[in-house]
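Student: Could we go through this structure together? I should like to begin with the overall architecture and then turn to the charged side chains.

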Amino acid sequence: MPLPMLIARRVGPRALVQHARAISSSAVNSAGYWNKDWRPADDPPATEEAKRAAAKKYGMIPEDYETYKNDGTGYGDYPKLPIVSAESRDPHALYDFPELKRNFGEPLHVDADMYGEDRWDRSKRLRIPYHVMLTWFLGVIGITATLFMLSEYVRVNPTRRMPKPLYNDGKKHYTFELEDVE
Amino acid sequence: MFDAEMPINLPAQYDASPKEQRLVEDRARLRAEFRKEYVKQITNPHRHGHGGYLFDPALQRWQSMRAQQYYYFKPNVKTGLWSAFIVFTCFAYGKLFGITRAAKEKEFRTGMVSYADREFKFA
């Protein structure tokens, strides 16, 4: 994953293990971080205490914590965060990772790689709203395409082929006699 | 910037309800905790260990979630219909394309299109 390379800061291995033990609740093997330990739970929390524990796990306050619907398109108990693109975040605030406009321990949105500084800025207030843009686009492209496709079958100024100049209409077009010069 | 404790005394907010102020304070408290941990890691003078990078648990959780996204998919009516719709659209478009192409090919092969009416005459 390229993101860890972006935020590569070098710390001692002992500090790494101690920090992991302090923050995480599951047993962490200092030899590596396994997906099975860090993946979200299979289902969103049902009881209030489970919700509070899940919020604490993800580093959020319980009032901010909500999950996606558990209808097969969800992500377990991973939080549903408001969509704020990196470009739209406060440019004058001080961040722990200024290139990402992100702070240490802040939970990432599910589609965070889509809302980075080099990608889509979804939370921008556009001068022209999307539905107006779409209407204009479909109108121009639609009319152009319609005219193009109709012109296969209908000619507005049809050009006809000229007849071949075979000069067999009986008229005399050329003569080899010289003009009489008086 | 590398203060040990980040101040969480926020300016008084006269337009926010007490509940909202409490929420803001809670968030700031959490943020201060994480900030303290971050500063401790960054200013660690023994940090030139091998393979060491600042481990961010939030980032790790996000990465694990993305790596295991397949296991959170549950087949039911809604997802089944959605998947069927996508697959059906792909096959339907391909079939339609094939039918139109076959009709045109038949026309060409049986000599129904004259040389003067050939496609891409002006290419």
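Tutor: The discussion below takes up chain A, a helix of chain B, the salt bridges and a surface patch. Please keep in mind that this is a predicted model.

Student: How many helices and strands does chain A have?

Tutor: Chain A has 5 helices and 0 strands, and its pattern along the sequence reads α-α-α-α-α.

Student: What share of chain A is buried?

Tutor: Of its 182 residues, 27% are buried. The exposed area of chain A is about 14200 Å², with carbon and sulfur atoms supplying 58% of it.

Student: And what about the contacts in chain A between residues 24 or more positions apart?

Tutor: Such pairs account for 43% of the contacts with a separation of 6 or more.

Student: Turning to chain B, why is helix 2 described as largely enclosed?

Tutor: Helix 2 of chain B spans residues 57–67, and 9 of its 11 residues are buried, so the rest of the structure largely encloses it. Among the buried residues are Pro57(B), Leu59(B), Trp62(B) and Met65(B).

Student: Does that helix carry charged side chains, and which residue pairs with Arg66(B)?

Tutor: Arg66(B) forms a salt bridge with Asp113(A), and the closest N and O atoms are 3.0 Å apart. This pair crosses between chains, from helix 2 of chain B to the loop between helix 4 and helix 5 of chain A. Arg66(B) is partly exposed at 25% relative accessibility, and Asp113(A) is partly exposed at 35%.

Student: How many salt bridges are there over all chains?

Tutor: The count comes to 15. One of them joins Asp71(A) and Lys78(B), at 2.7 Å from N to O. That pair also crosses between chains, with Asp71(A) in the loop between helix 4 and helix 5 of chain A and Lys78(B) in helix 3 of chain B.

Student: Is Asp71(A) buried or exposed?

Tutor: Asp71(A) counts as buried because its relative accessibility is 15%, under the 20% cut-off. Lys78(B), by contrast, is partly exposed at 47%.

Student: Which residues form a network of salt bridges?

Tutor: Asp96(A), Arg31(B) and Arg35(B) are linked in such a network.

Student: Finally, which residues form the positive surface patch?

Tutor: The patch consists of Arg155(A), Arg161(A), Arg118(B) and Lys121(B). Arg155(A) lies in the segment after helix 5 of chain A and is exposed, with a relative accessible area of 54%.

How values were computed:
Residues numbered from 1 in each chain as written. Chains lettered and ligands numbered in written order. Predicted model: local features only at pLDDT ≥ 70, side-chain atom pairs only at ≥ 80, totals over all residues. Heavy atoms only, no water. Patch = residues over 30% accessible without salt bridge, like charges linked within 9 Å, V, L, I, M, F, W, Y side chains within 5 Å. Areas by Shrake-Rupley, 256 points an atom, 1.4 Å probe, with all protein chains shown as cover. Salt bridge = Lys/Arg side-chain N within 4 Å of Asp/Glu carboxyl O. Lys, Arg positive; Asp, Glu negative; His and termini not counted. Charge placed at Lys NZ, Arg CZ, Asp CG, Glu CD. Helix = DSSP H or I, 4+ residues; strand = E, 2+ residues; numbered from the N terminus. Buried < 20%, exposed > 50% of the residue type's maximum accessible area, 1.4 Å probe, protein only. Contact = heavy atoms within 4.5 Å.
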